[in-house]
Amino acid sequence: MAGITQVCNDTSEKIELFPPQGLYLKPLAKINVCVQLPQLKQPGKSISNWEVMERVKHMARPHSFLTLKIIKSTLEFIRLEGETETKALIKTLIQRLDAKTIKLSGFPDILKVKAAEAKVSFPLRHDWDSYFRDAKNMNEMKSGERPDTIHFRDLPTRWFASARSRESDKPNEQYLKRTWEGYGEVRCVDIPMLDPYRKEMTTSTKSGAIQTFTYGQDLTFEAFVQFKEYIGFVKAMDSLRGMKLLYIGEDEKAYTANIKVDFDKTKHLSDKSIKKRRIERWKLEQLEKEREDKVRNEREEEERKQEEERRKKREEEEDKERKRIEKVQKKEDRRKSREEKRKHKALQKRKKEEEKKLQQKIALEERKFLIAQRKLESIRLMSELFNAVKKIKVKEDLEKHEREAEEMRKKELEMEQIQKEQDLKRKLEARKRKKDRLERQEHELRSKILKNWKVKEEREEEIQRESLRKKIAGQGKMKSAVVVKK
């Protein structure tokens, strides 16, 4: 699908076609670029078409082409066709490219560039009117033999599939019909790929034979849409001129597809063609039914024969199985008889071995009892010996503990005496520190009192001196006043 449709980033120019299905029309925006080539003087040297294309793309920056391809290449020029996102961008690209030049590496000459908007190849009203007027095998009074049917090709299948049939990728005729009913009443539609018998039909027209089941069938399909009135056909053709199909999905992503549109020249939807296809379809259905019946009968006969063969084979196998079972049974009886004899001999042998083992076991138990009795006596003797040793050890431990306790008491008394001496020493030191602190505080207090008394005496002397200075200063002023008066 990626090679048939293109991602569309600009939907500003969309025209409504059938919004419920997400279908719109968008103007085709194509530009022709012609690059004049210089005359090659050196033999064996050629101009790279790819390099020319890259230079054209570079000249169009910051804009870009959706597609750019070479449609014609000669010794004199290279013609390219490019498609842009919108029609409004064509004028800008023409200004950037037209009458400009390109300089290629390794070539002294410059290449002249011409650009112009590409003409759209689409049938005009004059084309279909003249065709049906001049055609001798057409009757304009009959549907399908006049300009009323549009032939579509390369329609994306998924865009016209219903929600229930999207998984099988089959277009829906009702959706196709409703898509074009906006231009006028649609008489009928036909999608060849939906007819399973169409590829076997021999019906064809002169030059426009229906091409079905071609490459890309699952991705695109062709369809015929017939309008009841001529005006509906004209409106649809006029609206499709210079347009491509735009699809906007539920995820708001947009895609475009270049579809092929033409008026039908094959009388595909004429009553005669429809009837002929219906008859041929009925014949094919009957033929297919006969083939199916024949195949079914052959299959049933084959199954009957196979069942008979299976029955015979089953009976033979059952007979063989019965004989095999009888043989096996006889063999089993002989085996059981031999087995019974072997078991009897083995039982007698086992009894003898068990009696022998029992005698050995009794002798072994007696020996174990004797050994156990001796061990018990040894244990009693050792117990007595250990008790005597234990008494001696306990007495020695008790004496040792008494000595250790006496030593501990002596050490505790010594420690108490040392502790008392240390406490007395600490008390004497504390008293001495207290006495020293009191003497120091007394000395500091005396010094402070003496200092305050000296400061007070100095202040009183200063006050007396100040008073004396004021008195002396007053007497001096009085004398100066008397002298000035004289």
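In helix 2 (residues 88-97), the buried residues are Leu89, Ile90, Leu93 and Leu97. Buried here means under 20% relative accessible area, exposed means over 50%, and partly exposed lies in between (1.4 Å probe, protein chains only). Helices (H or I, at least four residues) and strands (E, at least two) are DSSP runs, numbered from the N terminus. The four buried residues are on the same side of helix 2 because they cover an arc of only 105° around the axis, the arc being that of the directions from the helix axis to the C-beta atoms. On the other side of helix 2, Ala88, Lys91 and Gln95 are exposed. Just after helix 2, Ala99 has a positive phi of about 65°.

The model is predicted: local features need pLDDT of at least 70 and side-chain atom pairs count only at pLDDT 80 or more, while totals for chains, interfaces and linings use all residues. Residues are numbered from 1 along each chain as its sequence is written, and side-chain values use heavy atoms, with hydrogens and water left out.

The cover over the buried residues of helix 2 includes strand 4 (30-36), helix 1 (49-60), strand 7 (100-103) and strand 8 (110-117), contact meaning heavy atoms within 4.5 Å. The strands named here belong to an open sheet of five strands in the order 5-6-4-8-7, with antiparallel pairing. Two strands pair if DSSP finds at least two bridges between them. Strand 5 (67-73) and strand 7 stand at the edges with a single partner strand each, so one side of each has no neighbour in the sheet. On average, neighbouring strands of this sheet are turned by 30° against each other, direction ignored. Axes are lines fitted to C-alpha atoms, for helices over the stretch in contact, and angles run from 0 to 180 degrees between N-to-C directions.

Inside this sheet, strand 4 and strand 8 run antiparallel and are joined by five bridges. Ile31 has Glu117 in strand 8 as its bridge partner. Helix 1 lies across strand 4, strand 5, strand 6 (77-83) and strand 7, and runs at about 135° to strand 5. Helix 2 also packs on the sheet, where it touches strand 4, strand 7 and strand 8, and its direction makes about 160° with that of strand 8.

A second open sheet has four strands in the order 10-11-9-14, again with antiparallel pairing. Its edges are strand 10 (186-190) and strand 14 (260-263); each has a single partner strand, so one side of each is left without a neighbour in the sheet. The average turn between neighbouring strands of this sheet is 20°, direction ignored. Strand 9 (residues 149-156) pairs with strand 11 (residues 220-227) in the antiparallel sense over six bridges. One residue to look at is His151, whose bridge partner in strand 11 is Phe224.

The next topic is the nonpolar cores. In soluble globular proteins, nonpolar side chains tend to be buried together. A nonpolar core is defined as a set of buried Ala, Val, Leu, Ile, Met, Phe, Trp, Tyr and Cys residues joined through side-chain atoms within 4.5 Å. The largest one has 37 residues, and those with the most contacts inside it are Phe152, Leu155, Leu176, Trp180 and Phe227. Helix 5 (residues 230-240) gives the most to this core, with five residues. Apart from this core lies another, of 23 residues, among them Val33, Ile47, Ile102 and Ala115. Not counting residues up to four places away in sequence, Trp180 touches Leu17, Phe152, Val186, Val225, Phe227 and Leu240.

Charged pairs come last. The whole structure holds 34 salt bridges, a salt bridge being a side-chain nitrogen of Lys or Arg within 4 Å of a carboxyl oxygen of Asp or Glu. Glu301 forms one with Arg304, with the closest N and O atoms 2.5 Å apart. Both residues lie in helix 6 (residues 271-485), three residues apart, about one turn of the helix. Glu301 counts as partly exposed, at 34% relative accessibility.

Asp319 forms a salt bridge with Lys323, and the closest N and O atoms are 3.7 Å apart. Asp319 and Lys323 are four residues apart in helix 6, so about one helical turn separates them. Asp319 is partly exposed at 30% relative accessibility, and Lys323 is partly exposed with a relative accessible area of 49%.

Glu462 and Arg469 also meet in a salt bridge through their side chains (3.9 Å, N to O). Salt bridges that share partners join Glu461, Glu462, Arg465, Glu466 and Arg469 into one network.
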